[in-house]
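The following exercises introduce a structure step by step. Each task is followed by a worked solution.

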Amino acid sequence: MRVGFGYDSHVFDEGRPLHLGGVLIPGAPGLRGHSDADVLIHAIVDALYGAAALGDIGSHFPDTDPRWANADSMQFLRAAVAEVRAAGYSVGNMDATVICERPKLRPHVDAIRARLAEVLGVDVSAVSVKAKTNEGMDAVGEGKGIAVHCVVLLLP
Ligand code: MG
């Protein structure tokens, strides 16, 4: 078994739509980034690559590459899952904590879990997405963006 940890953060960009875990969250400010800035997927991709010691999202999908401008981050997740499978692993489970003062994420959590489970190739019971605020502390607490921490277990 292998465990991987992922972290990512992006600042809000009011002019973009918010993609979180492959789900469009209506009525919420989006995030600044080269791709669609799906901060949750980016953290999961880093956890997958980390678990298999295959580098990180930046080494696979550099933000200087015009191919990834406004890219759907789901393609990064599909590629990372394929690479860890090629390395001989399958996903056991994933657990993520999404930290932001806004928007309220709880109403969207089950849709996000279902979408992620499909791409990770696991039952939805193996996919956890938890939402919390930073209690007003630091930049995330001041509502400047969203941060995600995530762990993934890979099975042989
Ligand atoms: Mg990112």
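**Exercise 1: A helix and its buried face**

α3 is followed by G88, whose phi is positive, near 100 degrees. Helices (H or I, at least four residues) and strands (E, at least two) are DSSP runs, numbered from the N terminus. The model is predicted, so local features need pLDDT of at least 70 and side-chain atom pairs count only at pLDDT 80 or more, while totals for chains, interfaces and linings use all residues. Residues are numbered from 1 along each chain as its sequence is written, and side-chain values use heavy atoms, with hydrogens and water left out.

Task: Determine how far apart the end C-alpha atoms of α3 are, and which residues of α3 are buried.

Solution. Step one: the expected span is 1.5 Å times one less than the number of residues. For the 13 residues of α3 this gives 18 Å, and the end C-alpha atoms are 18 Å apart, which agrees.

Step two: the buried residues of α3 are M74, F76, L77, A80, V81 and V84. Here buried means under 20% relative accessible area, exposed over 50%, and partly exposed in between (1.4 Å probe, protein chains only).

Step three: viewed down the axis of α3, the buried residues fall within an arc of 155 degrees, so they line one face of the helix. The arc is taken from the directions from the helix axis to the C-beta atoms.

Step four: these buried residues pack against α1, α2 (57-60), α4 and β7, where contact means heavy atoms within 4.5 Å.

**Exercise 2: The sheet**

Task: State the order of the strands in the open sheet, and identify which strands stand at the edges.

Solution. Step one: the five strands follow the order β4-β1-β7-β5-β6, with mixed pairing; two strands pair if DSSP finds at least two bridges between them.

Step two: β4 (30-31) and β6 are at the edges, each with a single partner strand, so one side of each is left without a neighbour in the sheet.

Step three: β5 and β6 run parallel and are joined by six bridges, and T97 has K130 in β6 as its bridge partner. β5 and β7 pair in the antiparallel sense over nine bridges, and the bridge partner of D95 in β7 is V151.

**Exercise 3: A residue of the core**

Task: List the residues beyond four places in sequence with which L40 is in contact.

Solution. Leaving aside neighbours within four places, L40 is in contact with L20, G21, A96, V98, I112, L116, V129 and V148.
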